[in-house]
Amino acid sequence: MSFIVNQNDRLTVHVEDLTHDGSGVAKVEGYPLFIPGALPGEDVEVQVGKTLKNYGFARLLDVKKPSPDRITPPCHVFWECGGCQLQHLSYEAQLIQKQKQVRDVIDRIAKLPDVPVHPVKGMEDPWRYRNKSQIPFAERDGKVVSGFYKSKTHHIVDTDVCIIQSAEADELMSTLKHKMHEIGLDAYNEKTHRGMLRHLIVRKGKATGEIMVVLVTLKKKFPQKEAVVELIKSVVPEVTSIMQNVNGEKTNVIFGNETICLYGKSFIIDTIGDIQFEISARSFYQVNPAQTEVLYKQALDYAQLTGGEMVIDAYCGIGTISLFLAQKAKEVYGVEIVPQAIEDAKRNAELNGITNAYFESGAAEDVIPRWYAEGKRFDVLVVDPPRKGCDEKLLQTILKYKPKRVVYVSCNPGTLARDLRILEDGGYQTKEVQPVDMFPQSSHVECVALLTLKE
Ligand code: SAH
């Protein structure tokens, strides 16, 4: 309930800001209204939706005075699909908004108004950058639909094209959709728990051109197996790996436990910088390889390695940052909670002939204190935590043992800012923050921050 505006009210408002998930924000006598689709600087006509005590939501009816940065979204399903949030904003303006967003939390949450937040490092061509697509398939009114989910729902927005994924993923998505009934293959129905094809996953090694296709099926045995392999090969002859994953559960989780190779190798190779990575059907791997290189170069630059340093890579995934740093450090210790990722990391180290990187699976907040307790000492600590930020216990370990430099890679500016404040209070100084645009057209922004011990 709000006393300033009421549900269904029609108002014309001035949009002042953009939230971190891409909604416009207007204030009516101080009461914030969130308006998806509206942009800062615009005058818009809206209809008020749900209202809560401290804020409410409104639907955009008409843009009375558009922002000079407003553009026509190039994707025809942008307004329905939940994949991108900012296609209606020019790319230059997206980068400015993202910098502003980071600046804002560094001021407000980290309370560091004097720390430089640099302009966002963006892409020259901010389209078709994703190296992985996970595409749900379903039957609707006797027809196959596939595409991406509408925001916060399980409703598939049917499309043949997604201009942030690879051209090969487009081809496979649309050909399978239109031809799978012809070969007798049907798509999954969530309600009845019947139908064979649940998801199509396409992964591409952008540097090597290798392509993997994964079909997630309800059952292991399906008679159209050979026909679908031939169909995939006819669409993308350069495919190097076709895998089947079996998921017989009633679940939103994409993958099941069993993965079978139907054609070619069971992995693809990609490279970041000089390092090769083997990527299997379920491996975690950064989705924007061009910008990953920019991000890791920034982390390497901040780490200021001369060859003699002992380095920790906390939250290391498959060891991508670790192996990048190992070339310039004495030793790198990587820790990651998913055991499978640690196996990948070890194999990738071997693949590249890197012998000074060590990997251990476990929680960073448990394993790192143990390393210190065993007498190991480190000069540089790199962290790249998930959205919720660093565990409090890990931050306390950093403050106890005080490595000279901390390089903080973050996919969530809010938790980055929170953690910077804790490290500042414990004796570190934040030198600078460099945002990198890993996800053009979306509202996400990645950052790298450098901290050093206060004199
Ligand atoms: N640095 C990697 C991955 C970063 S994503 C890269 O650049 O590719 C964050 C990683 O943290 C995920 O792989 C997740 O599995 C891992 N993780 C989550 N909680 C963790 C914890 N408490 N300790 C160690 N790793 C954790």
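**Exercise 1. Identify the bridge partner of Phe137 in β7, and place the pair in its sheet.**

Solution. Step 1: Phe137 has Ser146 as its bridge partner in β7. The model is predicted, with local features requiring pLDDT of at least 70 and side-chain atom pairs counting only at pLDDT 80 or more, while totals for chains, interfaces and linings use all residues. Residues are numbered from 1 along each chain as its sequence is written, and side-chain values use heavy atoms, with hydrogens and water left out.

Step 2: Strands β6 (residues 132-140) and β7 (residues 143-149) run antiparallel and are joined by 4 bridges. Strands (E, at least two residues) and helices (H or I, at least four) are DSSP runs numbered from the N terminus; two strands pair if DSSP finds at least two bridges between them.

Step 3: The order β8-β7-β6-β9-β10-β11-β12 describes an open sheet of 7 strands with mixed pairing. Its edge strands, β8 (156-158) and β12 (258-264), each pair on one side only. On average, neighbouring strands of this sheet are turned by 30° against each other, direction ignored; axes are lines fitted to C-alpha atoms, for helices over the stretch in contact, and angles run from 0 to 180 degrees between N-to-C directions.

Step 4: Helix α2 (residues 167-179) packs on this sheet and touches β6, β7, β8, β9 (197-204) and β10 (211-217), contact being heavy atoms within 4.5 Å. The direction of α2 makes about 160° with that of β9. Helix α3 (residues 225-235) lies across β10, β11 (239-246) and β12, at about 145° to β11.

**Exercise 2. Describe the hairpin of β13 and β14.**

Solution. Step 1: β13 (residues 267-272) pairs with β14 (residues 275-280) in the antiparallel sense over 6 bridges. Thr271 has Gln276 as its bridge partner in β14.

Step 2: There are 2 residues between the strands, and Gly273 takes a positive phi near 60°.

**Exercise 3. Explain why one side of β17 and of β20 lacks a neighbour in the sheet.**

Solution. Step 1: An open sheet of 7 strands with mixed pairing follows the order β17-β16-β15-β18-β19-β21-β20. Because β17 (357-361) and β20 (428-436) stand at the edges, each with a single partner strand, one side of each is left without a neighbour in the sheet. The twist averages 15° from one strand to the next.

Step 2: β19 (residues 405-410) and β21 (residues 446-453) pair in the antiparallel sense over 6 bridges, and Val407 stands opposite Leu450 in β21. Helix α9 (residues 413-425) packs on the sheet, touching β19, β20 and β21, with its direction at about 165° to that of β20.

**Exercise 4. Characterise the surroundings of the ligand.**

Solution. Step 1: There are 17 residues around the ligand, of which Gln286, Tyr296, Glu336, Ala364 and Asp384 come nearest; a residue is near a molecule if one of its heavy atoms lies within 4 Å of it.

Step 2: By class, the shell holds 10 nonpolar, 4 polar and 3 charged residues. Helices α5 (320-326) and α7 (364-373) each supply at least two residues of this shell.

Notes: Ala, Val, Leu, Ile, Met, Phe, Trp, Tyr, Cys and Pro count as nonpolar, Asp, Glu, Lys and Arg as charged, and the others, Gly among them, as polar.
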